[in-house]
Amino acid sequence: MFLRRARESGLDECAVLSTCNRTEVYFSGGSLDSVRHALSAVSGIPLVTLRPHLYASNGICTACHFVRVVAGLDSAVLGETEIVAQVKDAWRIAREESASGPMLDLLFRKGLEAGKRIRSQTELCRSATSLGVLAVRRAAERLGGLEGKIAVVIGAGQVAERVAKELAGVEGCRIRIVNRTLERATSLAASLKVHATPCGWESLAEQVDEADAVFCGVSVDRPILVDADFHRAGSGRSGRQLVVVDFGVPPNAHTEHAPDWLCLLNVDQLRDESSSNEARKLAALSPALDIVGEELKRFSYSLIEKSAAPLIRRISSRSREIETLNLAWASERLSHLSEKDWEVVRQLATRIVRGMLKDPIEQLKSCPPSDAEKALISNLFGLEETTD
């Protein structure tokens, strides 16, 4: 819905990256106000309320931010790799909606290449822990293990899927998946290699009452679990502990007075508790940032080449026309030449033309011309007007 609305409002290209702790819109062409109004319209939040919570960047700053995101440098858990699949999904959806074009394709391709380099050439992402994996580990620590325990996953999105897959690796854990749409809960349950029970939204209270661990990450305007729900859940627990891990932004769970048997963890707490491999990850920051710098240079060069490419194509096309015309002129006057000698003439013409254009074209690739300079170059080479 957002991509269609954004295109209708004049954006040439647009992609949306949405995770448990960020929603980012990458676009090319059109205005920033168009994006703001589209976000307001789709979310139902008045622009005056939404605006203070938005931030924007452009050009190479956006590319730098994107590379950091893909590499896990800006993740809640430093170096987590779950973001890669989410970035690929955002790009795929944009392409399927015909919302991605040359600029975003370049950004996503280069960003993923940079992230791959950082993951393979540094220690940043080795033994990295995603939020989903970390959440299951923390719940297991507090409950003395999850074997034989009831784990309820609320939601069926990417975070819920990662948590469910991690739970599926715990022998004897009884997994239940609750979602607004039972079909999606059923689909997620079926994708696991162990038995998991899909549950309808109407059974949410019952599932929480019976659970030992609850992992919730759904998009809501207000919490789905509050004091009344926890008071009810505690009435039959006899002090049995309940761990609730809340991935929601805004929060899915909220309590003013948490009872002793309730352990409520949010994303920030998970991040703060992530200490494993921290020294190795921090040591990898410097080489990772060096790679970011190198890849940004490559992106800049690619951007410049892409900007100058239409003009370069026109110059090359014009040079071939001149070469062909002059070879035709020479052919009429050198008909006595052997095929071998005529081939030397053809190669000579090509080498002269390419030699003359080599330096100008390299200059265009390394330094993007302004519109005025493009017009001047077009006049100098006698190029026809074009919409490139």
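Helices and strands here are DSSP runs, numbered from the N terminus, and these labels help a newcomer to find the way around this predicted model. Ser-98, for instance, lies in the loop between α5 (82-96) and α6.

The backbone offers a good place to start. Most residues other than glycine have a negative phi, and most peptide bonds are trans. Ser-98 has a positive phi, near 55°. With a relative accessibility of 54%, Ser-98 counts as exposed, because the cut-off for that class is over 50%. Ser-238 likewise has a positive phi, near 55°, and is found in the loop between α11 (227-234) and β7. Ser-238 counts as exposed too, at 75% relative accessibility. The peptide bond that joins Val-249 to Pro-250 is cis, with omega near 5°. Pro-250 belongs to the loop that runs between β7 (242-246) and β8 (262-266).

Attention turns next to the aromatic side chains. The structure holds 4 aromatic pairs, and ring pairs link Tyr-26, Phe-66, Trp-91 and Phe-108 into a cluster. Trp-91 also has a charged partner: the charged end of Arg-95 sits over the Trp-91 ring, 4.5 Å from its centre. A further arrangement of this kind involves Arg-180, whose charged end sits over the ring of Trp-201, 5.2 Å from the ring centre.

Phe-66, one of the residues in the aromatic cluster, leads on to the enclosed space, since Phe-66 is also among the residues that line the second largest cavity. The structure holds 2 cavities of 30 Å³ or more, and the second largest has a volume of about 40 Å³. Its lining is made up of Ala-63, Phe-66, Val-67, Leu-107, Lys-110, Gly-111, Ala-114, Glu-295 and Phe-299. The elements that give two or more residues to this lining are α4 (59-71), α6 (102-121) and α13 (278-333), with the largest share, 4 residues, coming from α6. Sorted by class, the lining of this cavity has 6 nonpolar, 1 polar and 2 charged residues.

Helix α13 appears again in the open spaces. The second largest pocket contains about 320 Å³ of space and is lined by 16 residues. Ile-322, Glu-323, Asn-326, Ala-349 and Val-353 lie nearest the centre of this pocket. Both α13 and α14 (339-366) supply at least two residues of the pocket lining, and α13 gives the most, with 8 residues. By class, the lining of the second largest pocket has 12 nonpolar, 2 polar and 2 charged residues.

Technical notes
Residues numbered from 1 in each chain as written. Predicted model: local features only at pLDDT ≥ 70, side-chain atom pairs only at ≥ 80, totals over all residues. Heavy atoms only, no water. 1 Å grid on protein atoms, 1.4 Å probe; cavity = no way out; pocket = protein on both sides within 12 Å on 5 of 7 lines; lining within 4 Å. Points joined across faces, edges and corners; volume = space filled by probe spheres on them. Nonpolar A, V, L, I, M, F, W, Y, C, P; charged D, E, K, R; others polar. Phe/Tyr/Trp six-rings, centres within 6.5 Å; stacked < 30°, edge-to-face > 60°. Lys NZ or Arg CZ within 6 Å of the ring centre and 35° of its normal. Buried < 20%, exposed > 50% of the residue type's maximum accessible area, 1.4 Å probe, protein only.
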